[in-house]
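Let's take a walk through this structure together, starting with the whole chain and then stopping at a few places along the way. Please keep the 3D view open as you read.

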Amino acid sequence: MKRSQWTVLSALSAVLSATGVANAQVADGSVEQINQAPQQEQDNRVVVTGIKGSLQSAAEQKRDASQVIDAITAEDIGKFPTENVAEAVQHVTGVQITRTRGEGTSASIRGLPSEFTRVELNGGTLASATVDLRGGGGGGDLNRSFDFRLLPAEFVRTLEVVKSPTANMQEGGLSGTINVVTARPLDLGKLTLVGSGFASQNSNSGKTDPQFSGLFSNVFMDGRLGVLLTAGYTKSRPETHSMYGTVWGTQSESVRHIDYNNDGDQTDTFNIPGQLRPEITREDNARTALAGVVEFDASDDLRLSAEGFYSKRDTVSQSFEYLHIPSNANGPVFDNSKTQFLDIAGIDPTQVAFGIPYMTGAALDATDVRGNDRVNDSTSDTSWIKIGGSYDNDVWSADLSVAYSESNLLGDNLNLAQIQRFGVAYDCIPGEQVCGIDYSDETRARYLDPNQGIVASLNGAFDRRTKDELTEVRADFARRFDGALINRISFGGVASQRDIYSNAQALVVSASALANLVGLQPSTVQPGGYNVAPFTQLVHAGSGSFLGAYHGNMTFPTQWIATDTLALLAAIPRKDLVANGRLLENLNQVVDVSEDIAAVYAQADFESPDGNLTGNFGVRVVHTKQSSAGVAPDLTNLVSLVDAGGTLLVPPAGNIAAKHEYTEILPSLNVKLDLTNDFLLRFGASRTLARPSLTQISPSTTAVGGAGNFSITSGNPELDPFIALNFDFAAEWYPNTDTSLTLAVFHKDLATLVRTVSDQTFIPVTFRTESTNTDEVRLAQFTRNRPENQEGVKLTGFELGYQQFFSFLPGPFENLGVQANYTFIDNSDENVLTAASKNNYNISAFYETDHFGARVSYTWRDKYVTAGLPDGNNGLGERAGTSATLDANLSYNLNDHVSFILEGVNLLEDTEETRSILGDLPFDFFDTGRRLMIGARVRY
């Protein structure tokens, strides 16, 4: 083996036993070679531990390697730097994360959307059917992302972030690839037992939950056979407070027969909020995860292995939504002084909202208000198994593997809907974080009375099933040439076959049917309805106050009466719900997609005689074949069930099927030049791709609506992939073993993008109120969305990285260390390429002795566009605000075997906010609270 490759492997072996955050690089880009690095104890090299050792190892790897891999490594087996894997990766230069109700779930690299990031587990691909049924209707987008919540942090040894690809890497990571690496038993080389237990608390819920994990690893047969088993269980009950889903629609005064502007007629048209939505979401999650690896050295040259992973996640999520729907108010205006209008300039003339004033404030009597309990009760499981062998005789090497992954989801998203009528005044002020909500004097006296509401229906997704199956066969071969300029030639390929299917079943049980099943009594408040009071509850914050992280001057309800869907479901057998309800097969929402991929590559590694110039070049050829099936909708006979939360009945118009295939050539080049022992330059060039999401390539057209918000979303099976041409240049300086200073400049030319094109249209809809047996046909405003291939954009930026341990300082100060990075991104068109924050930085400070360790990290992200102009959010566009997260971790080592750990996440209680680009109107505000964890870890 060449010196540069051997040094890289030995350095990474040091990192894998170190503490903290480091940057790792590999000469040939092969992640699998990292996993097979020999242990330092076995070859008598010095064992380097701690954060200082991690930084020194990273500096050595950068000097010897041509391909950049930023890495976050575990401090020890079973001890990852943070308890959420995604939240750890945000500390890598140029990486930002996406959170789902406060917990990190996916990652973006260099300002590109998270769907451009490929995530692997030990170099393999996991199936993904874990969609979110929590939202109204079906909910969830079938994508290719790995949900970091599936994997306990204790399982992870290293997170590798690859920014400059090589030909032997699997395609799909247009912006980069994140490989989640777990421990290997033959690398550990001895009996290892690790156990940990934590208690975790969310500040919004005030509830404390357990988390346990364990690891066993040992070697047998004189170290030739290794077995590693891990298991983990986590229960979490977080609570999210939000004011979100504020949507605007165009409405004429004549539709609701209200004179909004008090001018004596009902002929004017205004943009009115479709909904204002305070919400408290309580989750009860339980995750069980298992993983195992068996490795066997059949000879000095041949290693056989089998590994598997299984994760099961049970979720019961209650969304206590308090929908205020001004567009459904029966009026009249009860306080003209509250009425405000705003003319918003810049709206594209193609938008329905163009030239129409926005009614940003109003006080409307008999406003439709719905205090609901939407329950997502689902179980998802993901499994992965990989069998393979690796042969290496120092001249030839080969890696062969077969992997199978399956993911399943089964769940409901049912809501006991009610209807209340209150006098509501709203106020959406430009520049504010939330819209204000207040009530008339008469309403304040009764809005917390459970008898004010009547049952509308039980409705929502029912027996919703999603299945994703993925089979992957891979072969890699390499030939080494000692003393030659081209010192290694590698070639190989991968073939994969994927099938994904999701039904779209829903259930609607009318108010009268529910009344018969549980004995509901007629309402004395709203004639013709049934009193919902027996199945209601008072909703308020579990701990503290609702939206406690908001410090502005707007008013809103902090507690309200909502239905109790779980109590109703406990009172009625499931079979009786089906027998007395209407089971809807929404065929137009079905996703049925198959995808076959075949890829081959050839790659050459080179090194100059003096070893100062190294690198690799190669090409990957990828052929993708897709087939999909669906059902076209009949949009001329839409029926909205008013009593069923606006459930939209869409009759089928006929079956449709589509096929599409394409071939892409992906060349790559990586070069490193050592100018001195301390200073070096790097250059990389590549062509990368990312495929559209599985939902986007489905031919189905989904029409949904309710609560003043109707949309039509069409797939496009003819979509071609996203394509980017990438250039990287880096300069790195290592003045001593404790210090590194790096500058990386990058340019990405996205030749093609898949962009969702939106517009608005009006379609006749029959609004059916079954409780009164009435139908009303009126025009409803629909937002139409369709993905299309369009011209791309250019992305240019730079990354600065600095890390140092202050060993030169006297006394205890020599134990201090710091790591800081800054990323600047210039996006040529933020309305097309969203999620690109211009400025991003992270600062981490460390302190470590033999017994005590402390780490504090501050991450800041600039604002970014989430829905661009001209068509985003009915022509207003949408931008996320800045975010700032402070995390901390303290540890105390009682001895070599026992450690105590205290961790805090989002200590500043940062919130997530979005506002309109035009008009600066508030859209969304999420308060997820802070999370504290305390626990202990034992290792032998």
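What follows moves from the overall build to a helix, a cavity and some backbone details.

A word before we set off: this is a predicted model, so please read every value below as computed from predicted coordinates.

Let's begin with the chain as a whole. It is built from 10 helices and 47 strands. How compact is the chain for its length? Its radius of gyration is 29 Å, close to the 30 Å that the globule rule gives for 940 residues, so the chain is as compact as a globular protein of that length. If you turn the C-alpha trace onto its principal axes, you will find that it spans about 90 × 55 × 55 Å.

The inside and the outside come next. Of the 940 residues, 60% count as buried. The accessible surface adds up to about 33900 Å², and carbon and sulfur atoms account for 55% of that area. It also helps to ask how contacts are spread along the sequence: taking those between residues at least 6 apart, 76% join residues at least 24 apart.

Now zoom in on helix 8, which covers residues 511-518. Which of its residues are buried? They are Ala511, Ala513, Leu514 and Ala515. The cover over these buried residues comes from several elements, including strand 18 (396-427), strand 20 and strand 22 (505-510). Helix 9 (565-571) and helix 10 (574-580) are also among the elements that cover them. Just after helix 8 comes Gly519, with a positive phi near 70°.

Strand 20 leads us on to the cavities. A search of the whole structure turns up 16 of them at 30 Å³ or more. Let's look at the second largest, which holds about 320 Å³ of space. Its lining consists of 19 residues, and those closest to its centre are Arg118, Thr125, Arg144, Arg498 and Arg691. Four strands each give two or more residues to this lining: strand 5 (117-121), strand 20 (454-480), strand 21 (486-502) and strand 26 (591-607). Strand 20 therefore appears in two of our stops, as part of the cover of helix 8 and as a contributor to this lining. What classes of residue make up the lining? There are five nonpolar, six polar and eight charged residues.Our last stop is the backbone, where four places in loops deserve a look. Two of them involve cis peptide bonds. The bond from Gly331 to Pro332 is cis, with omega near 0°, and Pro332 sits in the loop between strand 15 (302-325) and strand 16 (340-342). Further along, the bond from Leu869 to Pro870 is also cis, here with omega near 15°. You can find Pro870 in the loop that runs between strand 41 (864-867) and strand 42 (878-880).

The other two places are residues other than glycine that have a positive phi. Leu547 has a phi near 55° and belongs to the loop between strand 23 (536-539) and strand 24 (560-563). Is Leu547 buried or exposed? Its relative accessibility is 2%, so Leu547 counts as buried. Asp920 likewise has a phi near 55°, and its loop lies between strand 45 (912-915) and strand 46 (922-927). With a relative accessibility of 32%, Asp920 counts as partly exposed.

Note on methods: Residues numbered from 1 in each chain as written. Predicted model: local features only at pLDDT ≥ 70, side-chain atom pairs only at ≥ 80, totals over all residues. Heavy atoms only, no water. Buried < 20%, exposed > 50% of the residue type's maximum accessible area, 1.4 Å probe, protein only. 1 Å grid on protein atoms, 1.4 Å probe; cavity = no way out; pocket = protein on both sides within 12 Å on 5 of 7 lines; lining within 4 Å. Points joined across faces, edges and corners; volume = space filled by probe spheres on them. Nonpolar A, V, L, I, M, F, W, Y, C, P; charged D, E, K, R; others polar. Rg over C-alpha atoms; globule rule 2.2 N^0.38 Å. Contact = heavy atoms within 4.5 Å. Areas by Shrake-Rupley, 256 points an atom, 1.4 Å probe, with all protein chains shown as cover.
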